[in-house]
Amino acid sequence: MKRVSQWIRPLSLSLMLGGVLTATAAQAGEVEVLHWWTSGGEAKAVASLKATLEKKGDTWKDFAVAGGGGDSAMTVLKSRVLSGNAPAAAQIKGPSIQEWAQEGVLADITPVATAEKWDSVLPKVVADVMKYKGKYVAAPVNVHRVNWLWMSTDAMKKAGVTKAPTTWDEFFATAEKFKKAGIIPLAHGGQDWQDFTTFEDVLLGVGGPDFYKKTMVKPEAASLNSPTMIKVLETYRKIKPYTDKNAPGRDWNLATQMVIKGEAGMQFMGDWAKGEFLAANKAPGKDFLCAPAPGTTKDFTFNVDSFAFFKLKDAAKIKAQNDLAQAIMAPEFQETFNLLKGSIPVRLNMDLSKFDSCAKDSSRDFVATSKTGTLLPSVAHGMALSSAAAGAVKDVVSQYWNNDSLSAADAAKRIATAAMTQ
Ligand code: GAL
């Protein structure tokens, strides 16, 4: 005969397990997450976030709104929030976080941040952006560098190009070489945010970091209405003939594909483009090069992706929302996600041994430029000006790119007004 303890033990174990399972099921919540990460590399990165959350027993409800740069996603988000149906979390960045917080719709996630010591593992400049009136309302995932030039090594060989251009004169000489070899010199997607991304590189490369700050971070009339701005605009216009006739409307990741296939020699894009190269099994240094955009070797335009959290009522959903916030900042996730996304972890003191040379360069330059005052917020990616001012400048830049009859002088005047938008 079995002793009582012999059958009580398995029973109590199964009761215990049942209890745990029931408790988990009761606590498990759904997190609806709005994002615009739908390209090859982006989708892999977002899948890693979903998997991390699901490991905690929560459910991921995907709210993807396609469109690089996120303009469409932001439009959809506004209508959802206005109709009283906000998602649990949304990809919101830079000064926009403050704008949303001012509306009183964001949740305070300080308890998670305090428990996880975010203040001591985040650069202060980043932590400040995630807080509203001293309380955390958002969590950062990464640091993207925007001022990169991507090059196809295949195309370089065919065109006799031996290195990345470091000045704008060299850029145009390199573009000529690609053209002579019958290769599209520059892969570009003619969408306003991509036009603006290229413009940002030119403005920084031609004008330098102080000019960048005085026009795109804390705009001053004297710098906006200056001969340097005219020079920036003239240089920018010279780029367009090196793009192909199918550029208008093209998505950024399709432009990256052109470089991946060697159909185009170069592309200006942030390092989310690296996520596409990696997803296509291409290796930096071998199949492609990453180099700072001409004239910006000593500068770093940063773009920190982050998720802001909306106020919720349901306790299980709030718990799941907190799980997401915790997961985003955990070291393992910061590694897995950023290896796929092309960015570097935003969390300080991470081991980067699994990261490639582009990421290591990025990390080194991020630290170095933070000491020299040349770490600059990307205006094209919503890090610098208010969303209204950035949107207004973007419109003018795109009009200028698309309309050759708009003079540099007139465009400069319009940019000056736009940058001052309150
Ligand atoms: C940026 C975003 C990146 C990348 C890119 C293209 O604004 O910060 O993470 O996704 O858009 O969609």
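Here are some questions and answers about the ligand and its surroundings in this predicted model.

User: How are residues numbered and which values count here?
Analyst: Numbering starts from 1 along each chain as its sequence is written. This is a predicted model, in which local features need pLDDT of at least 70 and side-chain atom pairs count only at pLDDT 80 or more, while totals for chains, interfaces and linings use all residues, and side-chain values use heavy atoms, with hydrogens and water left out.

User: How many residues surround the ligand?
Analyst: A residue is near the ligand if one of its heavy atoms lies within 4 Å of it. The closest are Glu-42, Lys-93, Asn-303, Asp-305 and Lys-341. In total, the number of residues around the ligand is 13.

User: How far is an oxygen atom of the ligand from an N or O atom in the side chain of Glu-42?
Analyst: Polar contacts here are pairs of N or O atoms within 3.5 Å. For the side chain of Lys-93, the distance to a ligand oxygen is 2.8 Å. For the side chain of Glu-42, it is 2.5 Å.

User: Where does the ligand lie relative to domain 1 and domain 2?
Analyst: Domain bounds come from an automatic or database domain assignment. Domain 1 (5-144 + 303-365) and domain 2 (146-302 + 370-419) both contribute residues to the shell, so the ligand lies between them.

User: What is the volume of the largest cavity?
Analyst: On a 1 Å grid over the protein atoms alone, a cavity is a set of points where a 1.4 Å probe fits but cannot get out. Its volume is the space filled by probe spheres set on the points, which are joined across faces, edges and corners. The ligand takes up the space of the largest cavity, and the volume of that cavity is about 100 Å³.

Note on methods: A polar contact is a pair of N or O atoms within 3.5 Å; within protein, one must be able to donate a hydrogen and the other to accept it, and residues adjacent in sequence count only if both atoms are side-chain atoms. On a 1 Å grid over the protein atoms alone, a cavity is a set of points where a 1.4 Å probe fits but cannot get out, and a pocket is an open set with protein on both sides within 12 Å along at least five of seven lines; lining residues have an atom within 4 Å of a point. A molecule sits in a cavity or pocket if more than half of its atoms lie within 2 Å of its grid points.
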